[in-house]
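Open the model in your viewer and keep the sequence panel visible. The stops below each give a selection to make and then what is found there.

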Amino acid sequence: MAGSDPTPQGTSAPDAVKILIAGGFGVGKTTMVGSVSEIVPLRTEEPLTIASLGVDDLDGIPEKQATTVALDFGRISIGQDLVLYLFGTPGQQRFWFMWNDLAIGALGAVVLVDVRRPESSFAAIDFFERRGIPFVIGVNGFYGEHPYEPDEIREALALPEDMPVLLFDARERTSCRDVLIALLDQLIAASAH
């Protein structure tokens, strides 16, 4: 029937929360969204071409062959009452103008850090700090390696002592889920104050 309520009587739709997955170029945003999403993720990746030479900095990531040109989108249910909608931001500076629109309605973010290129995370950290959007740091362990402890990373990024810094692997669903749960814990704690 047109206009009927799609939820069965006596039940309610789950709460939906918009979360951004942000960070610099090549830090693992698309991989994280794809690993944790319970649906086939929407990806807007395009191959890197000769036109990007001198525009996209491939230092430290020479194997990168594609790039997100708009956003990544995925969904994960946390229990029956909560659904997270994940929006991966584009990492290259030429697409940063889209971050403002993607941030509308976002309750929080995960800022991904690649310790091989920590400076690539500075813009994302600054973006969320200036807008007062809560975030956690996810340190993606490329090749399964985590050469630095969370406290060392927190200090290198000049973050407050209470900022969650989590070591994880963007290729592993459980690892990604744990980072998202840490963000939810932070959002719940902030709402209690």
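Colour the chain by secondary structure to begin: five helices and seven strands make up the set of elements in this predicted model. Followed from the N terminus, they come in the order β-α-β-β-β-α-β-α-β-α-β-α. Of the 193 residues in the protein, 46% are buried. Among contacts with a separation of 6 or more, 73% join residues 24 or more positions apart.

**Stop 1: Lys18**

Select residues 15-23, which form strand β1, and pick out Lys18 within that strand. Which side chain of opposite charge is nearest to Lys18? That is Asp101, 8.7 Å away. A salt bridge requires a distance within 4 Å, and Lys18, although buried, has none.

Now show the backbone oxygens around the Lys18 side chain. The side chain reaches the backbone oxygen of Leu102 at 2.7 Å. The backbone oxygen of Ile104 is likewise reached by the Lys18 side chain, at 2.7 Å.

Widen the selection to the residues in contact with Lys18, leaving out neighbours within four places in sequence. Tyr85 and Phe87 are among them. The rest of the list is Asp101, Leu102, Ile104, Gly105, Ala106, Leu107 and Gly108.

**Stop 2: helices α1 and α5**

Select residues 29-36 for helix α1 and residues 173-192 for helix α5. How are the two helices oriented where they pack? Their axes lie 8 Å apart and make an angle of about 100°. Angles of 65 to 115 degrees count as roughly perpendicular, so α1 is roughly perpendicular to α5.

Show side chains for the residues that make this contact. From α1, select Met32, Ser35 and Val36. From α5, select Arg173, Cys176, Arg177, Val179 and Leu180.

**Stop 3: Phe135**

Move to strand β6, residues 135-140, and select Phe135. Is Phe135 buried or exposed? The relative accessible area of Phe135 is 4%, and the cut-off for buried is under 20%, so this residue is buried.

Display the contacts of Phe135, again without neighbours within four places in sequence. They include Ala109, Val111, Ile125, Phe128 and Glu129. Met163, Leu183 and Gln186 are also in contact with Phe135.

For a last selection, add Ile19 and draw a C-alpha to C-alpha distance to Phe135. The two residues are 116 residues apart in sequence, while their C-alpha atoms are 9.4 Å apart in space.

Terms used. Residues are numbered from 1 along each chain as its sequence is written. This is a predicted model: local features need pLDDT of at least 70, side-chain atom pairs count only at pLDDT 80 or more; totals for chains, interfaces and linings use all residues. Side-chain values use heavy atoms; hydrogens and water are left out. Helices (H or I, at least four residues) and strands (E, at least two) are DSSP runs, numbered from the N terminus. Buried means under 20% relative accessible area, exposed over 50%, partly exposed in between (1.4 Å probe, protein chains only). Lys and Arg count as positive and Asp and Glu as negative; His and the chain ends are not counted. A polar contact is a pair of N or O atoms within 3.5 Å; within protein, one must be able to donate a hydrogen and the other to accept it, and residues adjacent in sequence count only if both atoms are side-chain atoms. Contact means heavy atoms within 4.5 Å. Axes are lines fitted to C-alpha atoms, for helices over the stretch in contact, and angles run from 0 to 180 degrees between N-to-C directions. Angles under 35 degrees count as roughly parallel, over 145 as roughly antiparallel, 65 to 115 as roughly perpendicular and the rest as oblique.
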